[in-house]
Amino acid sequence: MACLNCKAETEGDYCSNCGQRTSLGRLDMATIIRDLLSFATDSDNRFWSTLRHLMLNPGRVSVTYVDGARQKYLNPFNVYFLSVAAFFAVSVWLGYFSESVASTNAQLQEIVKESDLLTPNIKELVEQTSSFTAVWLKELAIASKPLSAWFFLLLYRNHGRNYPEILTFTLYLGAQNFFLITMIMLLETLFSATVFGGVGFLIWGSYFILSSKAFFAISWPRTFMLALPAFIMDWLALYILAFTFGHLSVLGFV
Ligand SMILES: [Zn+2]
């Protein structure tokens, strides 16, 4: 018989080519509910095991994936898009997003306005960049990862990882951060507290340090030495894009 999934000729209960069951009836409600339940409860589910290991073993998912176990976890792009979606869905739902972006923007613009060091031209560019960032943050978070990875390649050169491997690392790392912030937002709302802000940043830094230590297999002093520049470059990549596209959009090119 021909497999319904991959069309290969096969025998037995499971396709020898792709592994799907060979005897499938028409899709019914029982199957839908079983699929839904298995997503929520199956401990072997790749989504949950990826999420669990991202949170509990920083760096391990990247190392495992890059070293060749590609079926164990969701691929880095899937995880990253899911984390961005989760973050924005929850922050819009809780009203966080507009609030925090608006206040950060207002603060930044206030500082820029009062500075004597900046010329009016530069002040205008900073304002353009920050308002562009506020509107396009999702897209920038996604589009800046290839540039972040390139910065990391420069920073961690001579540590045996090539560009695609480092891109994988930055995507898993970014996903880890988005899931983490999402959980912090939910906890803050649940306990109506804001104490997590500072704590959140500390946890974020620790994850960054533990992940890069595991992924690049470097010494503790080197890990600490490179962590801050890496952290800055990750954000710099986003702002470089925001600056470029913000400026182009004002000039009418985009
Ligand atoms: Zn098949």
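Colleague: Where is the place of asparagine 158?

Modeller: Residue numbers start from 1 in each chain and follow its sequence as written. This is a predicted model: local features need pLDDT of at least 70, side-chain atom pairs count only at pLDDT 80 or more, and totals for chains, interfaces and linings use all residues. Helices are DSSP runs of H or I with at least four residues, strands are E runs with at least two, and both are numbered from the N terminus. On that numbering, asparagine 158 lies in the loop between helix 7 and helix 8.

Colleague: Is asparagine 158 buried or exposed?

Modeller: A residue is buried with 20 or more other C-beta atoms within 10 Å of its own, exposed with 12 or fewer, and partly exposed in between, the C-beta atoms being placed from the backbone. Asparagine 158 has 6 C-beta neighbours inside 10 Å, so it counts as exposed.

Colleague: Happy with that. What is the phi of asparagine 158?

Modeller: Here is a backbone detail to look at. Asparagine 158 is a residue other than glycine, yet its phi is positive, near 70°.

Colleague: And alanine 217, what is its phi?

Modeller: Alanine 217 is in the loop between helix 9 (196–216) and helix 10 (220–251). With 13 other C-beta atoms within 10 Å, alanine 217 is partly exposed. Although alanine 217 is not a glycine, its phi is positive, at about 50°.

Colleague: How many helices does the protein have?

Modeller: Read along the sequence, the pattern is α-α-α-α-α-α-α-α-α-α. There are zero strands, and the helices come to 10.

Colleague: Is helix 7 parallel or oblique to helix 8?

Modeller: Two packed helices are described by the angle between their axes and the distance between the axes. Each axis is a line fitted to C-alpha atoms, for helices over the stretch in contact, and angles run from 0 to 180 degrees between N-to-C directions. Helix 7 (residues 145–155) and helix 8 (residues 163–190) pack at about 120°, with axes 9 Å apart. Angles under 35 degrees count as roughly parallel, over 145 as roughly antiparallel, 65 to 115 as roughly perpendicular and the rest as oblique, which makes helix 7 to helix 8 oblique.

Colleague: How many residues in the contact of helix 7 with helix 8 are charged?

Modeller: Two residues are in contact if their C-beta atoms, placed from the backbone, lie within 7 Å. Lys145, Pro146, Ser148, Ala149, Phe152 and Leu153 of helix 7 meet Tyr163, Ile166, Leu167, Thr170, Leu171 and Gly174 of helix 8. Ala, Val, Leu, Ile, Met, Phe, Trp, Tyr, Cys and Pro count as nonpolar, Asp, Glu, Lys and Arg as charged, and the others, Gly among them, as polar. In this contact eight are nonpolar, three polar and, for charged, one.

Colleague: Next, how many residues in the contact of helix 4 with helix 8 are nonpolar?

Modeller: These two pack at about 25° with axes 8 Å apart, which makes helix 4 roughly parallel to helix 8. The contact includes Phe77, Val84, Phe87 and Val90 of helix 4 and Leu171, Phe178, Ile181 and Met185 of helix 8. Six of the residues in the contact are polar and no charged one appears, while the nonpolar ones number 17.

Colleague: Which residue is 8.0 Å from methionine 185, C-alpha to C-alpha?

Modeller: Methionine 185 belongs to helix 8 and is buried, with 20 other C-beta atoms within 10 Å. Its partner is 95 residues away along the chain, and at 8.0 Å between C-alpha atoms it is valine 90.

Colleague: Within what arc do the buried residues of helix 2 fall?

Modeller: The buried residues of helix 2 (residues 46–56) are Thr50, Leu51 and Leu54. Seen down the axis, they line one face of the helix because their arc, taken from the directions of axis to C-beta atoms, is within 95°.

Colleague: Which helices do the buried residues of helix 2 pack against?

Modeller: Take helix 8 to begin with: its axis comes within 10 Å of that of helix 2, crossing at roughly 85°, which makes the two roughly perpendicular. Leu51, Leu54 and Met55 in helix 2 meet Tyr172, Ala175, Gln176 and Phe179 in helix 8. In full, the buried residues of helix 2 pack against helix 3 (60–66), helix 4 (76–94) and helix 8.

Colleague: Last one: which residues are in contact with asparagine 5, leaving aside neighbours within four places in sequence?

Modeller: Asparagine 5 is in the segment before helix 1 (29–41), and it is partly exposed, with 14 other C-beta atoms within 10 Å. Beyond those neighbours, its contacts are Cys15, Cys18 and Gln20.
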